[in-house]
Amino acid sequence: MSESVDQARTPLPPALAAEIQSCGFFPELVIDVAETSLAGEKVLDHLLHLEANFANDEVYRHLTVILRTATRMLIGHTDEGTEAGRLQAVTSSESIPLSAVNSVVLTRVVQHPDRFGKDPLATTVETWLQMTWGAVSRIDLEPASCGNPACTADHGYTGAVSGDDIIIRMSPAADGPDQVERMMEFATRMQVAVGGAR
């Protein structure tokens with residue numbers, strides 16, 4: 001590794017490094033990617049999400065690490081796989097200026113909402129964090145209609161364009177209630193940070 005890259009490496013906060021170690025998913029590699037992407041900046045906030053992906057009869061793990069600095073959001077992805085019977089890992093890192101993040105959406109699914117705050121069973125059962133910055137867009141098309149059920153004319157298509165840069169899904173059953181709570185708190189802080197970066 002070149003001297004200039006070594007000098008740019010920024011050690012992770014001990015608590016974050018310990019959290020990555022506790023995932024048990026190529027921790028040294030994940031830490032290396034995170035420290036390199038920081039390039040001298042300090043971590044102000046973070047979120048980790050380890051999930052399993054299924055392909056045919058194989059199960060592969062995927063770890064997403066989101067770091068926030070004073071100026072950027074850094075997203076690291078690490079996937080495991082095999083090639084010719086040998087274990088491999090593929091990593092990627094993306095740097096997004098906070099000023100470029102145009103949407104931070106937190107969606108919650110709550111059971112027994114009529115008893116929320118009064119009954120322990122009235123809890124969040126699923127959450128999604130969606131952040132967009134214009135790198136990826138999704139177009140959903142469907143046949144257009146005029147509202148007349150007897151009409152057979154071709155009205156073309158209608159659709160919607162939506163940003164789909166990153167979506168993290170967590171649930172207490174899969175990730176634990178503490179991790180869901182951490183994601184909701186992270187999302188709230190990201191909304192504040194993005195609003196202040198404009």
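**Notebook: charged and aromatic contacts**

I began with R182, which comes out as partly exposed at 35% relative accessibility, and I note at once that the model I am reading is predicted. I then looked up its partner and found that R182 forms a salt bridge with E19, with the closest N and O atoms 2.8 Å apart. The contact joins distant parts of the chain, since R182 belongs to helix α5 (residues 177–196) and E19 to helix α2 (residues 14–23), 163 residues apart. E19 itself counts as buried, at 16% relative accessibility.

Next I asked how many salt bridges the whole structure holds, and the search returned 7. I followed some of them in turn.

For R61, I found a salt bridge with E80, the closest N and O atoms being 3.0 Å apart. This pair also links distant parts of the chain, with R61 in strand β2 (residues 58–68) and E80 in strand β3 (residues 72–83), 19 residues apart. I recorded R61 as partly exposed, with a relative accessible area of 29%, whereas E80 counts as buried because its relative accessibility of 15% is under the 20% limit.

I then turned to R169, whose side chain meets that of E126 in a salt bridge at 2.3 Å, N to O. Here strand β9 (residues 166–170) carries R169 and strand β6 (residues 124–132) carries E126, so that the pair, 43 residues apart, links distant parts of the chain. R169 is partly exposed, with a relative accessible area of 39%, while E126 is buried, with a relative accessible area of 18%. I also noted that D45, R68 and R189 are joined into one network by salt bridges that share partners.

My last entry concerns the aromatic rings, where I wanted to know how many aromatic pairs there are, and the count comes to 1. The pair is formed by F25 and F26, whose ring centres lie 4.8 Å apart with 40 degrees between the planes, and it is described as tilted. The label follows because 40 degrees falls between the cut-offs of 30 degrees for stacked and 60 for edge-to-face. I checked the accessibility of each ring residue and found F25 buried, with a relative accessible area of 0%, but F26 partly exposed, with a relative accessible area of 21%.

Finally, I came back to R61, which lies over the face of F26 at 6.0 Å from the ring centre. I therefore keep R61 in both lists, as the salt-bridge partner of E80 and as the charge over the ring of F26.

Definitions and conventions
Residues numbered from 1 in each chain as written. Predicted model: local features only at pLDDT ≥ 70, side-chain atom pairs only at ≥ 80, totals over all residues. Heavy atoms only, no water. Phe/Tyr/Trp six-rings, centres within 6.5 Å; stacked < 30°, edge-to-face > 60°. Buried < 20%, exposed > 50% of the residue type's maximum accessible area, 1.4 Å probe, protein only. Lys NZ or Arg CZ within 6 Å of the ring centre and 35° of its normal. Salt bridge = Lys/Arg side-chain N within 4 Å of Asp/Glu carboxyl O. Helix = DSSP H or I, 4+ residues; strand = E, 2+ residues; numbered from the N terminus.
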